[in-house]
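Me: Please take me through one part of this model at close range, since I am new to it. I would like to follow a single strand and the surroundings it leads to, and then see some other places for context.

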Amino acid sequence: SGAMPDFEEDAAAPWYSERATITAVKIGSGVTHIGSFAFYNCQTMASVTIPSSVTSIGVRAFGDCYGVAELRIDSIESWCKVSIGVGDAVGGPFVASTVSEKKLYVGGADVPTTALAIPDGIKTVNEYAFACFGMLTSVTIPSSVTSIGNNAFDRCSGLTSVTISEGVTNIGDAAFQMCSGLTSVTIPSSVTSVDNSAFSECSGLTSVTMLEGLPSIAPSMFAACSNLKSVTIPASVTNIGYQAFQLCSGLTRVTIPSSVTSIGNYAFKSCSGLTRVTIPSSVENIGNNAFSSCSALKYVVEMREQPPTAGTKIFGLQQTFKGTIYVSPTSVGDYKATVGWGDPYEAFIKSWLPTVEYLDWDDEKKEMCSVTCMAYDVVTNGMDVFEAGRTYMVTNDVVCTTGITVEGTATNATRLILC
């Protein structure tokens, strides 16, 4: 009972010489600490049993234990409170395991747990608590939890569903990193901070909803989520961080709210599916390479009258940028004369035309019919249709059609600003 001593790689545990014959480890009830390097390099060990008396696991306690296939614990509640050593390498039992089908048994059950419900009353999910628990398919986090620790669910590759309740205020670094089976996530309004890489490399993620309350998109928060197609950025966000959406190759559109004042370096770099972006007038600074290597980017609408401070190659190399940058008619000269805009993108900067046309609603045809019979490709609001009663900015380089389909309540004299 009590705390097991910490060991070192070159001052191994007494049983180290027998490591090749160890197939299972059962920690005795009453033990409070599993020492650093305690079972290091026990490569044939397949089963680990840890009682509720354990409150901490040292650095690399299960380092290089490649064969661990099952973990048996007394309760989820007690496990959530275990502090797992993270020094030079994490001490959790599954972190080094290369077994494809790992299993978690709780409270003496014969059937492994796949749907994880964090018990109500738990306030913190500790760092690395469930890292590499590939057997988990769903996680429900109750309102009592205020913090999800760094790497708490890192590399839970089987995870397809996560419910984060109102009450959580912080999601730590890489908390859900590389959860490749996760397809959607909603971040509740109670969350006020999400740390770096929280959802990075979630290759199966297709949609993200962030409810209003989050002040910033953290660096690399969704980096390399290659199938991400839909993102709702709330109006509370003021900063989009470094590499926030880098390598999100499936992202075709993103709506940046007018609350955003800064777009970080490489924020949307290599979003190769991105075709259009509107930068609101609130944005004062755009970082280096923010939209570089966005090979499909065709329309950039810059709403600010005075050019925002621009880093180097915000849209990538001049010879590879194929889009058009639309700015206010009164601002063209300023943009062309400003470093980061005119140099190197002078040839791509154009004015939207200040023409105003009024369209009438036809109740029978359910469409907005233009006097000049023109339809346009919407580049703001991420929409392909016009909603009645709203103002849009559009481009005039598409084929004219007989009308513009409208969703919403019928109105007269809906204004359309032509670019």
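Reply: Two strands are said to pair if DSSP finds at least two bridges between them; the strands themselves are DSSP runs (E, at least two residues), as are the helices (H or I, at least four residues), and both are numbered from the N terminus. The model is predicted, so local features are reported only at a pLDDT of at least 70 and side-chain atom pairs only at pLDDT 80 or more, while totals for chains, interfaces and linings use all residues. Residues are numbered from 1 along each chain as its sequence is written, and side-chain values use heavy atoms, with hydrogens and water left out.

Some figures for the whole chain set the scene. The secondary structure comes to 3 helices and 35 strands, and of the 419 residues 52% count as buried, where buried means under 20% relative accessible area, exposed means over 50%, and partly exposed lies in between (1.4 Å probe, protein chains only). Among contacts with a separation of 6 or more, 45% are between residues 24 or more positions apart, contact meaning heavy atoms within 4.5 Å.

The part to look at closely is strand 25, residues 299-302, where Tyr299 and Val301 point one way, Val300 and Glu302 point the other way, and all are buried. With strand 23 (residues 276-279), strand 25 pairs in the parallel sense over 4 bridges, and in this pairing the bridge partner of Val277 is Val300 in strand 25. Strand 25 pairs in the parallel sense with strand 27 as well, over 3 bridges, with Tyr299 standing opposite Thr324 in strand 27.

From strand 25 the view passes to a loop residue. Phe315 has its place in the loop between strand 26 and strand 27, and its relative accessibility is 2%, so it counts as buried. Leaving aside neighbours within four places in sequence, Phe315 is in contact with Ile279, Phe291, Ser292, Leu297, Val300, Phe321, Ile325, Trp341 and Tyr345; Val300 in this list is one of the residues of strand 25. The C-alpha atom of Phe315 is separated by 8.8 Å from that of Asn288, which is 27 residues away along the chain.

Two of those contacts, Phe321 and Tyr345, lead to the aromatic pairs. A search of the whole structure finds 23 of them; rings of Phe, Tyr and Trp (its six-membered ring) pair if their centres lie within 6.5 Å, and planes under 30 degrees apart count as stacked, over 60 as edge-to-face and the rest as tilted. In one of these pairs the rings of Phe37 and Tyr40 have centres 5.3 Å apart and planes at 70°, so the pair is edge-to-face. Phe37 counts as buried because its relative accessibility is 15%, and Tyr40 counts as buried at 9%. The rings of Phe321 and Tyr345 form an edge-to-face pair too, at 5.8 Å centre to centre and with 70° between the planes. Phe321 lies in the loop between strand 26 (309-310) and strand 27 (324-327), whereas Tyr345 lies in helix 3 (residues 342-345), so the pair ties together parts that are 24 residues apart in sequence. Phe321 and Tyr345 are both buried.

Phe291, another contact of Phe315, also belongs to the largest nonpolar core, a core being a set of buried Ala, Val, Leu, Ile, Met, Phe, Trp, Tyr and Cys residues joined through side-chain atoms within 4.5 Å. Of the 114 residues in this core, Phe130, Ile171, Phe176, Phe245 and Phe291 touch the most other members, and helix 1 (residues 76-80) gives the most to it, with 3 residues. Beyond its neighbours within four places in sequence, Phe245 has contacts that include Ile217, Phe222, Leu228, Val231 and Phe268.

For context elsewhere, 4 strands form an open sheet in the order 2-4-6-8 with parallel pairing. Strand 2 (24-26) and strand 8 (103-106) stand at the edges with a single partner strand each, so one side of each is left without a neighbour in the sheet. Within this sheet, strand 4 (residues 47-50) is joined by 4 bridges to strand 6 (residues 70-73), the two running parallel, and the bridge partner of Ile50 is Ile73 in strand 6. Another open sheet of 4 strands has the order 10-12-14-16, again with parallel pairing.
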